[in-house]
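Grab a pencil and work through these exercises with the structure open beside you. Each one sets a task, then walks through a solution.

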Amino acid sequence: MSDFNGEFYIGTILLEPNRWATGKTPTYRVSEWIERFRAAGFDGMELWENHAALADAKERKAIVDSGFPAAVFNSYCNFGDEAEGEWRRAAELARELNAQGVKFNFGKDPARRDADLRNIRRFRDLLPENCRALCECHPGTLAETPAQAAALFDALGRERFEAIVHPFRPDTDELRDWLRRLGPRITHVHVQIREGAAFVRLDQQADLAQEGLRILREEGFAGSFTLEFTSGVRAPREDVERLFAGARRDLAFLREHWG
């Protein structure tokens with residue numbers, strides 16, 4: 001069983017209104033929220049890359065000194081040969097923050113598949129051996145479908161890489177396909193439910209959420225969860241307190257229905 005089974009993390013991207021803005025400049029210091037994260041009952045956080053990369057050394061030290069785990073470092077680095085400095089810097093930050101895992105993405109261009117594979121292997125070599133290298137299987141990337149992702153994991157070497165999926169979707173057959181093709185490589189989940197362009201809480205789509213959790217359990221998932229997005233994300237004027245309230249309610253739902 002995974003050492004991370006049933007751990008629930010707050011994604012710092014959830015509270016960040018500039019997550020998709022030009023420049024993606026952070027609007028808040030994560031260190032100032034850590035005690036609230038801890039008091040709410042989260043086991044750690046998935047730290048959005050720019051909350052560290054665009055912060056000063058004092059802020060990064062405050063995050064480390066808090067003792068609240070940066071359980072996953074959420075990187076968006078490019079793995080092209082021209083971006084070597086980018087992924088080396090991501091690995092440095094993950095080490096500095098004592099991250100227990102690093103989330104990464106493949107690119108979109110099939111012509112760059114070999115470069116992505118080569119440099120993701122090199123990136124993995126820069127991380128501590130016990131740090132999880134977590135591929136987010138995401139639409140719009142080379143790991144968009146279960147079959148594509150399985151082929152990439154075979155090429156990378158499955159024993160050194162793990163996978164992230166998004167289980168709360170109407171197509172339950174696809175979720176089972178993910179879990180059966182990648183099996184124990186799937187060790188982390190990004191929690192979000194979309195209704196069109198908007199996001200909702202788990203309790204607002206309780207049947208869908210419980211079905212996703214049931215399938216995860218039936219297929220042997222024993223990993224961790226990050227609350228990535230919730231109700232209020234993409235609202236015309238995002239309210240950080242509303243977002244955090246939604247995250248707390250999603251956490252309560254998961255603790256009740258996952259155990």
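The eight strands here form a closed barrel in the order 1-2-3-4-5-6-7-10, with parallel pairing (strands are DSSP E runs of at least two residues, helices are H or I runs of at least four, both numbered from the N terminus; two strands pair if DSSP finds at least two bridges between them). On average, neighbouring strands of this sheet are turned by 25 degrees against each other, direction ignored.

A quick note before you start: this is a predicted model, where local features need pLDDT of at least 70 and side-chain atom pairs count only at pLDDT 80 or more, while totals for chains, interfaces and linings use all residues. Residues are numbered from 1 along each chain as its sequence is written, and side-chain values use heavy atoms, with hydrogens and water left out.

**Exercise 1. Place strand 10 in the barrel and say which way its side chains point.**

Step 1: look at one neighbour. Strand 1 (residues 8–11) runs parallel to strand 10 and is joined to it by three bridges; tyrosine 9 sits opposite threonine 226.

Step 2: look at the other pairing. Strand 7 (residues 186–191) is also parallel to strand 10, with four bridges between them, and histidine 188 stands opposite serine 224.

Step 3: recall the rule. In a regular strand, side chains alternate between the two faces of the sheet.

Step 4: read off strand 10 (residues 224–227). Ser224 and Thr226 point one way, Phe225 and Leu227 the other way, and all are buried (buried is under 20% relative accessible area, exposed over 50%, partly exposed in between, using a 1.4 Å probe and protein chains only).

**Exercise 2. Describe how helix 4 packs on helix 5.**

Step 1: pick the descriptors. Two packed helices are described by the angle between their axes and the distance between the axes.

Step 2: fill them in. Helix 4 (residues 84–96) and helix 5 (residues 113–126) pack at about 30 degrees, with axes 9 Å apart (axes are lines fitted to C-alpha atoms, for helices over the stretch in contact, and angles run from 0 to 180 degrees between N-to-C directions). That makes helix 4 roughly parallel to helix 5 (the cut-off is under 35 degrees; over 145 is roughly antiparallel, 65 to 115 roughly perpendicular and the rest oblique).

Step 3: name the residues. Glu84, Trp87, Arg88, Ala90, Ala91 and Arg95 of helix 4 meet Asn119, Arg122, Phe123 and Leu126 of helix 5 (contact means heavy atoms within 4.5 Å).

**Exercise 3. Where does leucine 182 lie, and what does leucine 182 touch?**

Step 1: locate it. Leucine 182 lies in helix 7.

Step 2: check exposure. Leucine 182 has 2% relative accessibility, so leucine 182 counts as buried.

Step 3: list its contacts. Setting aside neighbours within four places in sequence, leucine 182 is in contact with Cys137, Ala149, Ala150, Phe153, Arg158 and Ala163.

**Exercise 4. Compare asparagine 98 and arginine 234: what is phi, and are they buried or exposed?**

Step 1: take asparagine 98, in the loop between helix 4 and strand 4. Its phi is near 55 degrees, a positive value in a residue other than glycine, and at 53% relative accessibility asparagine 98 counts as exposed.

Step 2: take arginine 234, in the loop between strand 10 and helix 9 (240–258). Here phi is near 75 degrees, again positive in a non-glycine residue, and at 40% relative accessibility arginine 234 counts as partly exposed.
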